[in-house]
Amino acid sequence: MNQNYEFNIENIKNISLEEIKSRQNSFKLFKEKGFPNKRLEEWKFTDLNKIINDNFKELNFNNVEKENKNIELIKDFEHNSIVLVNGFLKSKNFKYENEENIIISEYKNIQKKDKNESINSLIDLNNAFFVGGFFLEISRDYKFDRPLVVYNYFSNNLKDTIVNNKNSIILNENSNLDLIEYNLDISKSNFIHNNYTNITISKNASLKNYAIQGCKSSCFYYKFIKSKLDTNSNYEDYIFLSGLKFSRTEEDIDIEGEHANCVVQSALFLDLESHQEVKTNLNHLKPNCKSYQKIKNVLNKKCKSAYQGKIFVKDIAQKTDAYQLSKALLLDDSSEFNAKPELEIYADDVKCSHGSTSGSVNEDSIYYLMTRGISRKNAIDLLTKAFLFEIANSISNVEIKNFVEKNMDRQIYGH
Amino acid sequence: MLEIKELTTKVNEKSILNGVNLNIKAGEVHAIMGPNGSGKSTLANVLSGKDGYEISGSIKFNGENLTEVSIEERAQKGIFLAFQYPLEIPGVNTNNFLKTSLNTVRKARGEKELDTLTFLKLVKEKCLELGVDEKFLSRQLNVGFSGGEKKKNEILQMKLLEPKLSVLDETDSGLDIDALRIVADGVNSSKTKNNAFLIITHYQRLLDYIKPDFVHVLSKGRIVKTGNSELAQELEKSGYANL
């Protein structure tokens, strides 16, 4: 593959000399390492370098200016929206809210500390070339009336292109937001979306984040979420990205205040040689916090998925209650599911549990449904849905729950 | 309606049924009693079409040879098995399951599928008839149901699907008197001259509520005795040891 490395960082508009230097430095770091491959422990289930070589003849960095595109909005429930086209913030609409309490803008290097954190080579690449993304800050005590949908729209001219962007979400004390990231694209050819999201949740604030893939897609999606949770805050992330050819969601979560609560849940239906992963790093740094992770995947036809969940409990983080479970349902024997739980515990009064199962559909359940007139195929569909819907069912907002279920139906049955 | 001739079944070379003969006509209620391991549940499973049995002999249902008919087709043709241990299926909503099942069977019978509202009205009616709480419908299929609730759910399904032949596999086991009465009422109120019941049980107790026309005793894979409902009372006194 010919990676178009000659792309000029200076072409990125409105950046300072200092920033150019820092971006060049990040690019240097990336070039030294290249795309992650199996030799790295964290990527042992995924040879991304090979995947990219197999699927891309060349790779260009996106600098396509915003396209003017009217996107069909979700009609299932009332919501605020922001629209990103090819990674750039294009429009915003907060008609259900008091806008004084919301800061929204294109992402700039507002937070110095975000810059240049060299976590892995994909983030180095992002640091070097990111353009676009959004910055969102919610004032103290402000609670959103309706959910916010972030439309991530990609146009059809992204062949062999990598879109790098960054988002930053800050919830100040006692604020509240339900955020849905809704990915849509009309690209028939392969492209990469490499996103870095920074989340800060202050005292008593709550963020529920739902990542939903709205269509079948040739996108290779990588997302790294770095989040910080303060005292008594709540962070929930739900991953429903079925339909993507490749996805890897990484979460690095620092629980920095007592009595905080963190939930990561995922329900994925993988079909037709797709590859999806979730990797979490949950760092319990203060006492009396809870975390809950549940990953459920259904795999069909040469698919691969992995869950790597690490729970770290610092010595002072007593009374931590951390739970993680991954379950995979394999519909045939051509697919593969890998789980790697890791617990690193330095406190002595904690409750940490982990589990992982994988298997085929329960034959007794199929038999029971068939004795009620339901065909074998429909019985398996019903059980597949049931397996994944458990995650959707745990969503407290009924409108979002119904929307997720409708999407899952489409992801499973393709309509 | 059902004609079983010289039915034998084997599982991994082990014989379970050794030549069962049984005729059930429309309008009749038959009971099969017998000690543990006599093959009662196997008979019920074989009638439903469950895989894993090596079968010889014949089973005819309304003149049609059943041995090659799949599980779901048997159900669509009107054979219903009420399970001894109904499966818990997390994530499957009871109401959706009942609707899917009924509409599949209706479609196979050449009847119109029911829309959500018509179905809901029907299922609520049946719940009321059975004295089953409607809340039941919004729960996951059999998940966290008590033993009694699971059995009531089986009877509810039976009432909805209106099968020609209902096979009740130890539906009475683990039931208290009130639940037993609900189950029995469910059967009695479903009885017509066009359908039939095969009730498999250990004890005579259920037969106090559902009066069978015939009682058969199954022992070591054969029907060793057939009589009327008095036979059940006799067995209750003397046990199976003398057979």
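Author: A polar contact is a pair of N or O atoms within 3.5 Å, and within protein one must be able to donate a hydrogen and the other to accept it. Keep that in mind, and remember too that we're looking at a predicted model.

Reader: What makes the pair K166(A) and N127(A) a polar contact?

Author: The side chains of K166(A) and N127(A) come to 2.5 Å. The cut-off is 3.5 Å, so the pair qualifies.

Reader: And is K166(A) buried or exposed, and how do you know?

Author: Its relative accessibility is 2%. Buried means under 20%, so K166(A) counts as buried. You'll find K166(A) in strand β8 (residues 161-171) of chain A. Leaving aside neighbours within four places in sequence, its contacts include Y107(A), F130(A), F134(A) and Y196(A), along with N127(A) itself.

Reader: Let's move to where the chains meet. How many residues are in contact there?

Author: On chain A, 15 residues are in contact with 27 residues of chain B. Together the two chains bury about 1,800 Å², with 68% of that on carbon and sulfur atoms. On the chain A side, Y367(A), Y368(A) and R372(A) lose the most area to chain B, together 43% of what that side buries.

Reader: What makes E154(B) and R372(A) a salt bridge?

Author: The N to O distance between their side chains is 2.7 Å. A salt bridge needs a Lys or Arg nitrogen within 4 Å of an Asp or Glu carboxyl oxygen, so this Glu and Arg pair fits. The rule finds one salt bridge across this interface, and it also finds eight residue pairs in polar contact there.

Reader: Which elements give two or more residues to the chain A side of that interface?

Author: Those are α4 (363-370) and α5 (376-393) of chain A. α4(A) gives the most, with six residues. Sorted by kind, the residues on this side divide into eight nonpolar, four polar and three charged.

Reader: Why is helix α1 (residues 40-48) of chain B called largely enclosed?

Author: Eight of its nine residues are buried, so the rest of the structure largely encloses it. Among the buried ones are K40(B), L43(B), N45(B) and L47(B). Just after this helix, G49(B) takes a positive phi of about 100 degrees.

Reader: What about P35(B): how do you know which accessibility class it belongs to?

Author: P35(B) has a relative accessible area of 25%. Buried would mean under 20% and exposed over 50%, so P35(B) is partly exposed. P35(B) sits in the loop between β3 (29-33) and α1 of chain B. Not counting residues up to four places away in sequence, P35(B) touches K40(B), H202(B), L218(B) and Y240(B).

Reader: Back to salt bridges. What makes D54(A) and K50(A) one?

Author: Their closest N and O atoms are 2.9 Å apart, and the limit is 4 Å, so the pair passes. D54(A) and K50(A) are four residues apart in helix α2 (residues 48-55) of chain A, which means that about one helical turn separates them. In general, an α-helix has 3.6 residues a turn, so residues three or four places apart point the same way.

Reader: Why do D54(A) and K50(A) fall into the accessibility classes they do?

Author: D54(A) has a relative accessible area of 51%, and exposed means over 50%, so D54(A) counts as exposed. K50(A), at 48%, counts as partly exposed.

Reader: How do you know that E129(B) and K159(B) form a salt bridge, and what does the pair tie together?

Author: Their side chains meet at 3.4 Å, N to O, and the limit is 4 Å, so they count. E129(B) lies in helix α4 (residues 116-130) and K159(B) in helix α5 (residues 147-161) of chain B, so the pair ties together parts 30 residues apart in sequence. K159(B) counts as buried, at 7% relative accessibility.

Reader: How many salt bridges does a search of the whole structure find?

Author: It finds 38 over all chains.

Reader: One last thing: which residues touch the most other members of the largest nonpolar core?

Author: Of its 114 residues, those are Y182(A), F240(A), L369(A) and I4(B). α5(A) supplies the largest share of this core, nine residues. Apart from it lies another core, of 51 residues, including V150(A) and F337(A).

Notes
Residues numbered from 1 in each chain as written. Chains lettered and ligands numbered in written order. Predicted model: local features only at pLDDT ≥ 70, side-chain atom pairs only at ≥ 80, totals over all residues. Heavy atoms only, no water. Contact = heavy atoms within 4.5 Å. Buried area = accessible area lost by both parts, 1.4 Å probe. Nonpolar A, V, L, I, M, F, W, Y, C, P; charged D, E, K, R; others polar. Core = buried A, V, L, I, M, F, W, Y, C linked by side-chain atoms within 4.5 Å. Buried < 20%, exposed > 50% of the residue type's maximum accessible area, 1.4 Å probe, protein only.
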